[in-house]
Amino acid sequence: MKHISTFYENNDKRTSLFAYTLIVMVGIAVGSLMIKDRDTAYSFLVNQYFVPTSEEVSLFALARGTFVSSLIFTAAAFFFGLCALGKPFGALLLLYRGAGIGVSVTLMYSCMGKAAFLPVLITVLPKAVAFSVLSILTIRETFRRSRSIFMYCIKDEACSDNVQSFRLYCVKFIVLIFLSLIISAADGGLNYLYFKIIRQ
């Protein structure tokens, strides 16, 4: 029975990760259609700093913009995880993250044509993959916490050690923020490398 239980738990994890990935992919498709409105596409609230900025911008400014965008995303996910009905909003956040990637890639190709291949490969793709994975892990924690609160509300199904559970939830998000800081710094370095060395 123990082996059967473990088998189903592993299947659930795979299924849930696939579902999260599917939401991101749908978001990318939606974002690619938003390119019709250029003003909207150029907004940092929409492209979430996935579009490389001007070479005039410093390495610190590049990393800061990416990190602030990620921090806002993570903070929103943290808040929705504390709500009994937070799961739909978590899914919307993941959809939003995918839309930022889709609109950024499409915007670059519409402006640069085939010449956008290299900058997309160097400045967008690594960040898109890294933040997609990080966003999936973040929203998975949001879903888990929101579900436990929801079950407590409708079935009075108490979480095991609520205080300890909340502390663990906070620690996980601190780690996620730290990881986003590392990714943001690496992204700033890649953008700087592209604009100052490769593009010269």
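This note goes through the helices, nonpolar cores and salt bridges of a predicted model.

1. Annotated spans. The UniProt record, an unreviewed entry, places the feature "transmembrane region" at residues 17-35, 59-82, 89-110, 116-139 and 173-195. Two of these spans can be set against the model. Residues 59-82 are 96% helix and 0% strand, with end C-alpha atoms 35 Å apart. Residues 116-139 are likewise 96% helix and 0% strand, and their end C-alpha atoms lie 31 Å apart.

2. Main core. The largest nonpolar core holds 19 residues, and L93, L94 and I139 have the most contacts inside it. At least two residues of this core come from each of α1 (2-33), α4 (59-81), α5 (87-112), α6 (117-155) and α7 (162-198). Helix α6 gives the largest share, six residues. As for L93, its contacts beyond four places in sequence are F73, A76, A77, F80 and I139.

3. Second core. Another core lies apart from the largest one. This other core has six residues, including I35, A41, V46 and V103.

4. Helix α4. The end C-alpha atoms of α4 are 33 Å apart, in agreement with the 33 Å that its 23 residues should span at 1.5 Å a residue. The buried residues of α4 are L62, A63, G65, T66, F67, S69, S70, F73, T74, A77, F80 and G81. That list contains polar residues such as T66, S69, S70 and T74 alongside nonpolar ones such as L62 and F67. F73, A77 and F80 are also among the residues that L93 touches.

5. S69. This residue sits in helix α4. S69 counts as buried because its relative accessibility is 14%, and the cut-off for buried is under 20%. Outside its neighbours up to four places away in sequence, S69 touches Q48, Y49 and R97. Q48 is 21 residues from S69 in sequence, yet the two C-alpha atoms are 6.0 Å apart in space.

6. Helix α6: length and kink. Helix α6 has 39 residues. From first C-alpha to last, α6 reaches 53 Å, close to the 57 Å expected at 1.5 Å a residue. The helix has a kink of about 40° at V124, shortly before the proline P126.

7. T138. Helix α6 also contains T138. With a relative accessibility of 1%, T138 counts as buried. Neighbours within four places in sequence aside, T138 is in contact with F73, T74, A77, F173 and L176. Of these contacts, F73, T74 and A77 are listed with the buried residues of α4.

8. Salt bridge K127-D187. The structure holds three salt bridges. In one of them the side chains of K127 and D187 meet, at 3.2 Å from N to O. The pair links distant parts of the chain, with K127 in helix α6 and D187 in helix α7, 60 residues apart. Both K127 and D187 are buried.

9. Salt bridges of E141. Which residues are linked with E141 in a network of salt bridges? They are R144 and K172. The closest N and O atoms of R144 and E141 are 3.3 Å apart. Both residues of this pair lie in helix α6, three residues apart, or about one turn of the helix. Residues three or four places apart on an α-helix point the same way, because there are 3.6 residues a turn. Between K172 and E141 the closest N and O atoms are 3.2 Å apart. That pair joins distant parts of the chain, K172 being in helix α7 and E141 in helix α6, 31 residues apart.

10. Exposure within the network. Is E141 buried or exposed? E141 is buried, with a relative accessible area of 10%. R144 is partly exposed, at a relative accessible area of 40%. K172 is partly exposed too, at 30%. The network therefore joins a buried acidic residue, E141, to two partly exposed basic residues, R144 and K172.

Definitions and conventions:
Residues numbered from 1 in each chain as written. Predicted model: local features only at pLDDT ≥ 70, side-chain atom pairs only at ≥ 80, totals over all residues. Heavy atoms only, no water. Core = buried A, V, L, I, M, F, W, Y, C linked by side-chain atoms within 4.5 Å. Buried < 20%, exposed > 50% of the residue type's maximum accessible area, 1.4 Å probe, protein only. Helix = DSSP H or I, 4+ residues; strand = E, 2+ residues; numbered from the N terminus. Contact = heavy atoms within 4.5 Å. Salt bridge = Lys/Arg side-chain N within 4 Å of Asp/Glu carboxyl O. UniProt positions renumbered as here; feature names shortened; annotations may be inferred. Expected span 1.5 Å × (residues − 1). Bend = angle between axes of the 7 residues up to and from the residue.
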